[in-house]
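Grab a pencil and have a look at the chain below. Try each exercise yourself before you read its solution.

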Amino acid sequence: MDPARDVAVVAFAQTDHRRRTDELSEVELLMPVLHEVLDRTGLRTGDIGFTCSGSSDYLAGRAFSFTMALDGVGAWPPIAESHVETDGAWALYEAWVKLLTGEADTALVYSYGKSSPGDLRSVLTRQLDPYYVAPLWPDSVALAALQARALIDAGDTDEPELARIAARSRESARANPHAQLPGARDPGEYVVGPLRTGDCPPVGDGAAAVVLAAGDTARRLCARPAWIRGIDHRVEPHGLGVRDLTDSPSTRLAAERAGAFERPVDTAELHAPFSSQEVVLRKALKLGEAVRVNPSGGALAANPMMAAGLIRIGEAAARIHRGESDRALAHATSGPCLQQNLVAVLEGEPS
Amino acid sequence: MSAAVNKEPVAVVGVGQTKHVAARHDVSIAGLVREAAQRALADAELGWADIDAVVIGKAPDFFEGVMMPELYLADALGAVGKPLLRVHTAGSVGGSTALVAANLVAARVHRTVLTLAFEKQSESNAMWGLSLPIPFQQPLLAGAGGFFAPHVRAYIRRTGAPAGVGSLVAYKDRRNALKNPYAHLHEKDITLEKVRSSPMLWDPIRYSETCPSSDGACAMVLTDRTGAARSPHPPAWVRGGAMRSEPTLFAGKDFVSPRAGKDCAADVYRQAGITDPRREIDAVEMYVPFSWYEPMWLENLGFAAEGEGWKLTESGVTELDGDLPVNPSGGVLSTNPIGASGMIRFAEAALQVRGRAGEHQVDGARTALGHAYGGGAQFFAMWLVGARPPSR
């Protein structure tokens, strides 16, 4: 498709991601990030045309948990605002559509999640088919391990390669002051075979925010805007038994619709919480060795639920802002074993 | 705001809903949503393959005990291989979901979109789902009724409205529901006296002035001008749509007539070229979960001057055969699958201007407003639909 107007990511901010933030409410976690992202553009809440957020009541442990975050935004006078009950990458998608309609020229997108109050592996079992699967409480690591086993059995990878992916990601995260696990570490013991501690993402709390702007507004707010050349998302069947876990057709289709295959990208920020999932995504996205994958460290270095996907878009955009990338791909995922996937292609103007 | 973008006109060509009941023990959540979706597709005479994207909404995931149920519902909604977007804006979610879907068409990202909202409240207990105590935050105090009753009392004190107005609204909506085959409550022997003598729950809100807990789903098919031209039945055209939010708690908030609601309505009227809503709008589907919210919203939405809303209700203007029928479908007071309730308002508005509302059709309805609100009266979503396409 050929969008009616150009929309760019013009600012990005995130928290330091930490295992626990007992001393902070979700709103307190989020507030500094909102201030930082607005400060970068010089905009105030009242200047923003549309606001959209992503979060999950199940992480917060209460209904309508996002309403309190809105108080933190300072929605007065009232604002045009919406919320997705999923990763903030999908909130960014909703905001992008809103900007395309011309009803707004700027958008604030934020998302956050605190995993520390609960047992994340148990909590995530509640997002499975409630009648046939959830009652068995299969946890997120066990499901990812099924996928990893399928990949190894298919000859797509082996345990040493998975360990290398984990080490490379965390080594890259040394340059990321926000990362929860910077620096390579021992692969560790099996959590659920074939996945070891090192193949699994850290559990942590965090928040992120992005400002989008259209056309000349973007140029005014940012020296080198990260233009969204395309963005698309697709979903697969829920039942693991009807999917080929070694492949991700939804990622491939989303990438195709986003124009990812029209020209090579130099950077890819992939939302692959497990090392094995990077193998699946690399194949689906046809990423060659020349592509710098997850220079931020990716989800293996920091995986705040509901924010990790938005962070991938933010990290890709920030590299373009800094002149470290000209064309970057950002990916976000939702659901067990990469069920739902979003791909965005970002470009900086030639400098 | 940029006016440079020429938006695609959006048409509602399919509407489907389930028969709403207290408990649908015969279907799973997937079965419930599929029933509404299939009815919307049948109304549009389209198949699953004609749908480019699916936008789904519901109120808190705690109500069914399923985290992000859209993942599990992807297959039932025919969404496999397509974009599936989940919206959650509290009680206004059904309206917000429809607006997000409409924007996909307006922005020409997709041509034909299925949008759906649901709640299967029998899977849990909504009142206690809303009453989880959180330190240092105001809990919703024994469900939504406990939260909203003080604001109703404030309205009565501020306007001097007589005590019986709420009962009039409930009596009207429950009678309207008798004409709507999909409505949950069909109280065939309803009388005004029965409403008035029903038990007091949260003073001044009586039992018969509150919404039921329903299982149900509502779906719509939205499409562009080309899709509308192929529609087997007259489409409803979206003439304006907006969302507004304000904080839950702050000193300047007017809980009786929130500014976000006023601003949202003003934006919709501006888009649709409405200058006198009282005269130019033929039917209103407004979100009235407790009877007194009809006069309150009549003022908030600009149909009556401040303090005058109850007079419209009392004089019969909002009756089905009145000058400004409000909730001809029976409204939220007769049917409340929370996550779907906002979308039902939007869908019923569309049915009115399509002339497909059956026994509760308002004669000659050409322009109708669908309204939803949620949270602590802080989230608002509205659309205005018309029988004619926008001229530009």
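**Exercise 1.** Work out how much surface chain B shows and how its charges are spread.

Step 1: the accessible surface of chain B (Shrake-Rupley method, 1.4 Å probe) is about 12800 Å², and 52% of that belongs to carbon and sulfur atoms.
Step 2: count 39 positive and 40 negative side chains, taking Lys and Arg as positive and Asp and Glu as negative, with His and the chain ends not counted.
Step 3: the centres of the two sets lie 3 Å apart, placing each charge at NZ of Lys, CZ of Arg, CG of Asp or CD of Glu.

A quick word on ground rules: this is a predicted model, where local features need pLDDT of at least 70 and side-chain atom pairs count only at pLDDT 80 or more, while totals for chains, interfaces and linings use all residues. Residues are numbered from 1 along each chain as its sequence is written, chains are lettered from A and ligands numbered from 1 in the order written, and side-chain values use heavy atoms, without hydrogens and water.

**Exercise 2.** Find out why strand E7 of chain B is largely enclosed.

Step 1: strands are DSSP runs of E, at least two residues long, numbered from the N terminus; E7 covers residues 215-223.
Step 2: nine of its nine residues are buried (under 20% relative accessible area, 1.4 Å probe, protein chains only), so the rest of the structure largely encloses E7(B).
Step 3: check both faces: B:Ala217 is among the buried residues on one side, and B:Met220 is among those on the other.

**Exercise 3.** Name the strands that pair with E7(B).

Step 1: pairing takes at least two DSSP bridges.
Step 2: E1(B) runs antiparallel to E7(B), with six bridges, and B:Ala11 stands opposite B:Thr223.
Step 3: E4(B) is also antiparallel to E7(B), over nine bridges, with B:Lys120 opposite B:Asp215.

Terms used: Buried means under 20% relative accessible area, exposed over 50%, partly exposed in between (1.4 Å probe, protein chains only). Helices (H or I, at least four residues) and strands (E, at least two) are DSSP runs, numbered from the N terminus.
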